[in-house]
Amino acid sequence: METAIAGGVIRGIQGVASASATILIGLFIATVLRFYLGPLGTKRLFGGETVRSLPQSWLIGMLLPVCSIGVIPMLIEMKRIGVRRGAITAFALAAPLFNPLSILYGLTLSRPVIIIGFAAASLLVVTVIGIIWDSITKSNGIEEPVVEDESKVIGMRRIFACVVFAARELAGPTGAYAFIAILGLVFLGSVLPHGALQTSVEQGDIWAPLKMAIIAIFIYAPPMLTMSQLGMMFDHGNSPGASFCLLLLGTGINLGTIVWTARNYGIRQTLVWLVSLTAIVIALAYGINKPLIPVGIKPAGHTHAFDIYTNPLIQGTAISASQFYDLSIRDLSIVDKFGLVALAIMLCFGVASRTLFFGTIERLLAAPANKEDHIGSHGFQMIVPKQVVGLTGLIGLVVLSVVGCFAYYPKPSEVLEEMKIARVEVLSNALSGNYEAALRWIPVLEEWSRRLEVGSAIRRRELRPYQQAQTHLLRTKLELLEHLLEHELDDRQAKSNDHNHKPHSDSDEVKTMIPSISLTSENIVKAYE
Amino acid sequence: MRTLYIQIMFARCCLPTIGIILSYGMIVSGIVGCEAKGTSLKERESLHEIDHDLPPYWPSSMNDAATKIEARLQRLRADSLKDEEKAKLFVELTDLIEWTPEVAADTRLKESHWIPIYEASEAIRKQLPLNEVSFKQVYQPLEGLIQLLRKSDSFELATRGSK
């Protein structure tokens, strides 16, 4: 019981950390919609009542770097303003699925045609669901509300109003729905024993897409995590249909978005929406399950892609406070830690502004117009229309995410340096018997090998088959090493419990892997230099 | 007052959700429970028991790949093979062709020398999976690939020796 609760909480904390950055981005976009674009501008941005509304909505969604939790404050705002319902659902589903970073990452994972096929099929689903949702709400005679533009303040007061709005959203509805979404992860982490999903989605298993569809409803996954999971599934020869279900239902929606839809559109309509979405996704998943099986990849009979949704602790083992800290906080990336801190500060401000300082803040916001609000249009002291400011903010975000691609995927020479450090850590720790440390560095090296591919491709406009073959080979060897080290750790554990335990003879195999990994690393340097 | 608002809001959102999660969770637990019946963690000797086992005919070098492809070609030319045997050989041959670029990449062979092997393998791959009809079409290219693999293997050995 203790393991189940601790495991669930660890998964919850990891989930919040991975969502933190995209929640903040989502809140930022929601404030832009509310205080800058306003009702008219926002409706126009999402295509208004025109036929291009659905494709326009998913296109904007694909450009913005948000996840299925980060999209919630935007949905709340879009609903308040009265954006067409089909457009809201198209945006809600498409925005978390892909963004420039994840698409580039995805293209390195398996044959590009598979990822492009997945993207096309996803957009088909999004469009069909948008049309269905529009027709359901129209047939029920639900009209979009007409909202007056509320924001009259300008200048610094508007910026302050934006911060207050974002913080209050986080300490209010957005925070509540995010909490519900994370509850799904807590639940899975508590009920599923460590590694329980390793053999659930095998290629030959006819039920794999269906099982994944059922489990995926609980899953909250940011786009980059899903991309890496899809890659692992293809590398291990798992069911492509199950991968598709994970992408659409695991990344596209979460418990929070389902509850938000139910509260805003009613349980019956939400059920129709959810059942239609699940049915279409499952039908497509079964349709692509056979044709997309990659040739030449031998099914490994398992996958570690979903270990992250199961309990991180082995049943029956006692957990210490330091272990809990290591698993929930220490192993987080620097970006996640930073995001978590920023989110906590914002949440504290939000709670304070809703409770202790509510009156003071309201007075500040409602204070009579000051001198700044009456600046005339002379010289550089002009009032820029807020739509212009808002659109500049959104375009800036898209530009920033493209720039972010280049920052996230550095140039090959820099990545090769990082890989050198990670490789030394992996190999020296594996040789000296410090297997836990080696196991911590293996995913780091794998991650850098993928970034090397993308970083090279976006700068040199090419990724040669030899380069791909070498990085793929490195990851294959690292995975084999990972398994060997895990065996070794198991043996150590078993030996400490039972002195007569017969160990596996893996330690020699570990030593033979070292020169092999070094050779591939040398080849990688030659290939990418 | 404000605190009360937050409490009510969380309670209104969270309580029904927890109810839904618990009931839905029973289904998931059922699925995973049934799933785990055959391969429960307790039944397994180790948590990491499921491993990446290399197939027995995985080639250890380019020369070994050439030998293994050649052996299967010769067996397939014999008329006395049963259908199951033939099908098995086609599968193995398909795998070997697929693996060839990876085996060649796992050597000190330079990129310029690796490309011909990759291209030869890719050309043959277009005819995959192998069967009676496609086998006839890839027979000649396969002979060429075997030669190329042997030549590259000796070249790579010589390069390694000179270093």
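Here are some worked exercises on the predicted model shown above.

Some ground rules come first. Residues count from 1 along each chain as its sequence is written, with chains lettered from A and ligands numbered from 1 in the order in which they are written. Local features need pLDDT of at least 70, side-chain atom pairs count only at pLDDT 80 or more, and totals for chains, interfaces and linings use all residues, while side-chain values use heavy atoms and leave out hydrogens and water.

**Exercise 1: the two chains**

Find out how many helices and strands chain A holds, and how many chain B holds.

Solution. Step one is to know what gets counted: helices (H or I, at least four residues) and strands (E, at least two) are DSSP runs, numbered from the N terminus. Chain A then comes to 21 helices and zero strands. Chain B has five helices and zero strands, and its elements read α-α-α-α-α from the N terminus on.

Step two is burial. A residue is buried under 20% relative accessible area, exposed over 50% and partly exposed in between (1.4 Å probe, protein chains only). In chain A, 56% of the 529 residues count as buried; in chain B, 39% of the 163 residues do.

Step three is contacts, meaning heavy atoms within 4.5 Å. Take contacts between residues at least 6 apart in sequence: in chain A, 86% of them join residues at least 24 apart. For chain B, 69% of such contacts join residues at least 24 apart.

**Exercise 2: a ring pair**

Work out why the pair Phe306(A) and Tyr309(A) is called stacked.

Solution. A pair of aromatic rings is described by the distance of the centres and the angle of the planes. Rings of Phe, Tyr and Trp (its six-membered ring) pair if their centres lie within 6.5 Å; planes under 30 degrees apart are stacked, over 60 edge-to-face and the rest tilted. The structure has 13 aromatic pairs over all chains. In the one between Phe306(A) and Tyr309(A), the centres are 6.5 Å apart and the planes sit at 20°, so this pair is stacked. Phe306(A) is buried, because its relative accessibility is 2%. Tyr309(A), also at 2%, counts as buried too.

Elsewhere, ring pairs join Trp133(A), Trp260(A), Tyr265(A) and Trp273(A) into a cluster.

**Exercise 3: an arginine over rings**

Name the rings that have Arg451(A) over their face.

Solution. The rule is that NZ of Lys or CZ of Arg must be within 6 Å of the ring centre and within 35 degrees of the ring normal. Arg451(A) lies over the face of Tyr408(A), 3.9 Å from the ring centre. Arg451(A) also lies over the face of Trp448(A), at 4.6 Å from that ring's centre.

**Exercise 4: helix against helix**

Decide how H3(A) lies against H12(A), and do likewise for H1(A) and H17(A).

Solution. Axes are lines fitted to C-alpha atoms, for helices over the stretch in contact, and angles run from 0 to 180 degrees between N-to-C directions. Under 35 degrees is roughly parallel, over 145 roughly antiparallel, 65 to 115 roughly perpendicular and the rest oblique.

First pair: H3 (residues 72-81) and H12 (residues 255-265) of chain A pack at about 15°, with axes 11 Å apart. So H3(A) and H12(A) are roughly parallel. The residues making the contact include Ile72(A) and Leu75(A) of H3(A), plus Trp260(A) and Tyr265(A) of H12(A).

Second pair: the axes of H1 (residues 2-45) and H17 (residues 386-408) of chain A come within 9 Å and cross at roughly 130°. H1(A) and H17(A) are therefore oblique to each other. Among the residues in contact are Phe28(A) and Val32(A) of H1(A), and Gly390(A) and Leu394(A) of H17(A).

**Exercise 5: three single residues**

Sort Arg461(A), Asn429(A) and Leu124(A) into buried, partly exposed or exposed.

Solution. Arg461(A) sits in the loop between helix H19 (435-460) and helix H20 (465-497) of chain A, and is exposed, with a relative accessible area of 70%. Its phi is near 60°, a positive value in a residue other than glycine.

Asn429(A) belongs to helix H18 (residues 412-431) of chain A. Its relative accessible area is 10%, so Asn429(A) is buried.

Leu124(A), in helix H6 (residues 112-139) of chain A, is partly exposed at 47% relative accessible area. Leu124(A) and Ile280(A) are 156 residues apart in sequence, yet 9.9 Å apart in space, C-alpha to C-alpha.
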